[in-house]
Amino acid sequence: MDMAFLLRRIVIFLIAAVILSSLFARGQDTNEFRRILAAAVIAEDGDAQLEGIKQLINSSDELVARALAAWRLGELYVLTTDADEKIPILLDSRLDEEGRARAIRIRDGEYLKGETGEEKLFLASDLTPADTTSRLRRTIKTTLDLYAMANPMPRMRRDAVVKLGQEQNPDYLPHFEARQKIETDPEVKRALNEAIQLTRMADESAAIRNPAIIALGELNSINSLHFLKQFRTTATNDPAKYGQETIQALTASIVKIENHIWWGNVVGTVFRGFSLASVLLIAALGLAITFGLMGVINMAHGEVMAVGSYTAFMVQGIFGTGLMFSLFGNPIRIKGFGLTGTGFDAYFVVALMASFIMAALVGLLLERGIIRFLYKRPLESLLATWGVSLVLQQIFRHTFGAANVQVDSPSFLSGSFTFNGSPIGFNRIFVISFALFIVYGTYLLLTKTSLGLQIRAVMQNRNMASCVGVRTDRVNMMTFALGSGLAGMAGCCLSQIANVGPSLGQSYIVDCFMIVVLGGVGNIVGTVTASMGVGMTNQILEPWLGAVLGKIIVLGAIILFLQWRPAGIFVTKSRSLEG
Amino acid sequence: MTQSFPKREFLIVGILAAIVLVVLPCLNAFTPPESAFHVSTFSLSLYGKYLTYAILALGINLLWGYTGILSLGQCLFFSLGGYALGMHLMLMIGRLGQYKADIPDFMVFLEFPAKYPETGGLPPHWIPFKSFWFAALMVVVVPAVVAYIFGWLAFRSRIKGVYFSILSQALTYAACLMFFRNDFTFGGNNGLTDFKTILGYDINSPGVKRALYLCSGGLLLLTYLFCRWLTSTKFGLIQRAIRDSENRVLFSGYATANFKLFVFVLAAIISGVGGALFVPQVSAINPSEMTPAKSLEAVVWVAVGGRGNMLGPIIGAVGINAFKSYATHAFAEQWPYIIGFLFIFVTLFMPKGIIGLPEQFRTIKRRIQQRNKSVDTPAESAVATTSEGVAK
């Protein structure tokens, strides 16, 4: 038995030595790895095959990787020539009409040619696949994984390293260390360090194990928390084997990493709170102007937002691959510019402006057509605009379909980074900064321009403003268009983070009204404060109570809060009885 | 509005009541199904549903038309009443459900027996609803208590006008979200449905359907008479005074908040009773009945029919719902356009609704006559155009 084993080993060693010597003899050109692979494929001995495959880790040859992957799936073929020579081949992915493909010879990467020099074609079903065993497939997989550590994309390298580290296989250690010496990307370096420590953590010797555990804690390695916890359970069940020192180190590291995650969660919650608050703020700002300043209850406010979202959808279509919709039952197809990349990304800037203009136009129509007759009857403006909202919703449904439409984020808004394990999306950062931008813009407009002065004058005392020569009718029109335009921009913004569908407006309208009432009517600062408060409270309550219950509690809290301050957080002082 | 019961209105109400309470049920019961005059049980049940909506509309009218409080949460009270009776009907299914269990199907489905093992899966607050009379009491009490608490909070801090509308909308929205949750023990988004018996009788038999219809009609008549009486008393006078100028009433020494609270609770009870009759006839109640949109729709019925008048809301509720039933079959796609534009049109051009149309025509006629006259004396026309009073 022992003798047989020894013999096998010797044979393996000899084969490996032959392969290795051939490697040194002929130099490090890419064909070398191909030859090793070709030799391994046709090798009779299983162990020799494995040794051969393991050689391939340092290869960076595309063909070798492809061939290995194909081998694992049984798509690598061995062609036996008339001279009884075995040639491992790979079939080209392009097939001709009979399903045949050209064959690539692994040994040199050339297409297999017939006597006359033409490329030979093969049918996959005619060929014999190279033998595989489960052990072989496993080895190939490991090799491919290690091979992935040499991927030119840092992200792919990192993922490969993380995956390999979690296997805690000591065989990989030398590979990690070798890679660490040449790695330049900081993230991959960190991942390598984590992988090394994680692998060492599984070591039998406490002298290697304990520093690794402490190092993982120092690294705040969130990926290894699960392994640390599992190990602690094992260790506490058998303290004699693992020793107190290890258990202490484990506990310290776990506490440290959990602390790190806790901070990440706090920052994540605050960030999400800010982002929700910004969404509410953007949505409510237009309402703060139409309702707060003008006293008009526009129940179609949500639908005006949806106008903005659909405008973004249309602009996207025009910039991209074109769009189709039906206008009063007539299908209309608009051919797009077919832009990609930066050109396509620019659509969003155009969409922001277009949605402002479109929504402002809708607002203007609404004001001229309906609302101007109802300034003295605010309750009835509520009813009439609700009718408008029903009509608009149905128009969306007829024009763009009842299903949600897809609005793609421009590349600079998709993606995210993680802070202590909490994802922070670029689109949310954009929403927050956009909210700041339009609030500041609105503030400047209301306080620094003559239109703003007129708006405030009309809102404070319509008759007096009219007496001193302000054209109140025109100011009303402009104010309503401004409020609607802001709603349209809000809708364009929302298209980046929420679904765009006919009922988009309905999901925001109640919240928006509550925020304006809570903040104090006619007060932009109040609207900002109220949306911050509601957004934050919602996000803080959500993990404990779930989204729906959290929302219910916030609504209840607002109703109770208004008991204490019936006019909202910030009260506009007035001598009139109805305040 | 005159204090007495004018003869003409008496005649109209009498004829309508006779048609609704005598003729239609008789046509259902005593004519053969193939007769041209036959009213099918299905239609009768449908009319019964309209009548319960009319009760809801009367409650809204009492609140909005007479007191000037626009609540966008009346459907919440309607649904609360409906849920209270629905709970009883749910328990009366017994073992006739899909799962053949002692508890309602949805409780088996949502694994309540594991949550409430000591009662065999029935949440404790469901137990008293085994008694019909308790459920009937709750139909009144639950909406009243909710309305009292909310109204007390709102009127105490003088929340009025559009702010009250927005808050009541938020209330019904919050409740709607709550009822959509499965762990709120009221069946989640499926609500309560598949009822089998009421007071021991088969709920789907023509006789019971007819009885339920008669109950709805009778109750509508009673509610009508009650509201008619209430608004003609001194209380009704103060109600209308609050609607027209609350501050003057307040400064005259009336505690307007208490008056408003009373009307609000009363309207909630009326809505709740309407809801309780709605449930056995429709055989289902779910949270979509209490969405803010439903409440707004109910307000539309009142606005279209004509508020500040007792017949208008009934005409509006029955008329619009009958039209809706027809339209959603015949041209469902266009229905939102119709109701939307109807709403805009009514608000802009018919502030007094259908019932106010004759008066509006008379005003227009008078104005035209005056314009013809004013060719000689132009000053008069200016006075005439301002005479068209619009309720606040």
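A salt bridge is a side-chain nitrogen of Lys or Arg within 4 Å of a carboxyl oxygen of Asp or Glu. Keep that rule at hand for the exercises below.

This is a predicted model, in which local features need pLDDT of at least 70 and side-chain atom pairs count only at pLDDT 80 or more, while totals for chains, interfaces and linings use all residues. Residues are numbered from 1 along each chain as its sequence is written, chains are lettered from A and ligands numbered from 1 in the order in which they are written, and side-chain values use heavy atoms, with hydrogens and water left out.

**Exercise 1. Describe how chain A meets chain B.**

Step 1: Count the residues. With contact taken as heavy atoms within 4.5 Å, chain A brings 41 residues and chain B brings 48 residues.

Step 2: Look at the area. The size of an interface is often given as the accessible area lost when the parts come together. Buried area is the accessible area (1.4 Å probe) that two parts lose on being put together, summed over both. Here chain A and chain B bury about 3900 Å², with 77% of it on carbon and sulfur atoms.

Step 3: Look for paired charges. The rule finds one salt bridge across the interface of chain A and chain B. A:Glu380 pairs with B:Arg307, and their closest N and O atoms are 2.7 Å apart.

Step 4: Add the polar contacts. A polar contact is a pair of N or O atoms within 3.5 Å; within protein, one must be able to donate a hydrogen and the other to accept it, and residues adjacent in sequence count only if both atoms are side-chain atoms. Between chain A and chain B, six residue pairs are in polar contact, both residues being at pLDDT 80 or more.

Step 5: Find the elements on the side of chain A. Helices (H or I, at least four residues) and strands (E, at least two) are DSSP runs, numbered from the N terminus. The elements of chain A that give two or more residues to the side touching chain B are α16 (378–400), α21 (506–519) and α23 (547–564). Of the elements on this side, α16(A) gives the most, with 14 residues.

Step 6: Sort the residues by kind. Ala, Val, Leu, Ile, Met, Phe, Trp, Tyr, Cys and Pro count as nonpolar, Asp, Glu, Lys and Arg as charged, and the others, Gly among them, as polar. The side of chain A that touches chain B divides into 31 nonpolar, six polar and four charged residues.

**Exercise 2. Compare the settings of three salt bridges within chains.**

Step 1: Start with the total. Over all chains, a search of the whole structure finds 17 salt bridges.

Step 2: Take a pair within one helix. A:Arg190 and A:Glu194 form a salt bridge, with their closest N and O atoms 2.9 Å apart. Both lie in helix α8 (residues 186–201) of chain A, four residues apart, about one turn of the helix.

Step 3: Check their exposure. Buried means under 20% relative accessible area, exposed over 50%, and partly exposed in between (1.4 Å probe, protein chains only). A:Arg190 is partly exposed because its relative accessibility is 36%, and A:Glu194 is buried because its value is 10%.

Step 4: Move to a pair between helices. A:Lys229 forms a salt bridge with A:Glu258, at 2.9 Å between the closest N and O atoms. A:Lys229 lies in helix α10 (residues 225–237) of chain A and A:Glu258 in helix α12 (residues 244–293) of chain A, so the pair ties together parts that are 29 residues apart in sequence. A:Lys229 is partly exposed at 33%, and A:Glu258 is partly exposed at 35%.

Step 5: Turn to chain B. The side chains of B:Glu246 and B:Lys260 meet in a salt bridge (3.0 Å, N to O). This pair links distant parts of the chain, with B:Glu246 in helix α10 (residues 246–251) of chain B and B:Lys260 in helix α11 (residues 256–282) of chain B, 14 residues apart. B:Glu246 is buried at 15%, and B:Lys260 is buried at 5%.

**Exercise 3. Which elements cover the buried residues of α23(A), among others?**

Step 1: Gauge the helix. α23(A) has 18 residues and reaches 26 Å from its first C-alpha to its last, close to the 26 Å expected at 1.5 Å a residue. The expected span is 1.5 Å times one less than the number of residues.

Step 2: Pick out buried residues. Among them are A:Leu549, A:Ile552 and A:Leu562.

Step 3: Name the cover. It includes α21 and α22 (524–545) of chain A, together with α6 (132–156) and α7 (161–180) of chain B.
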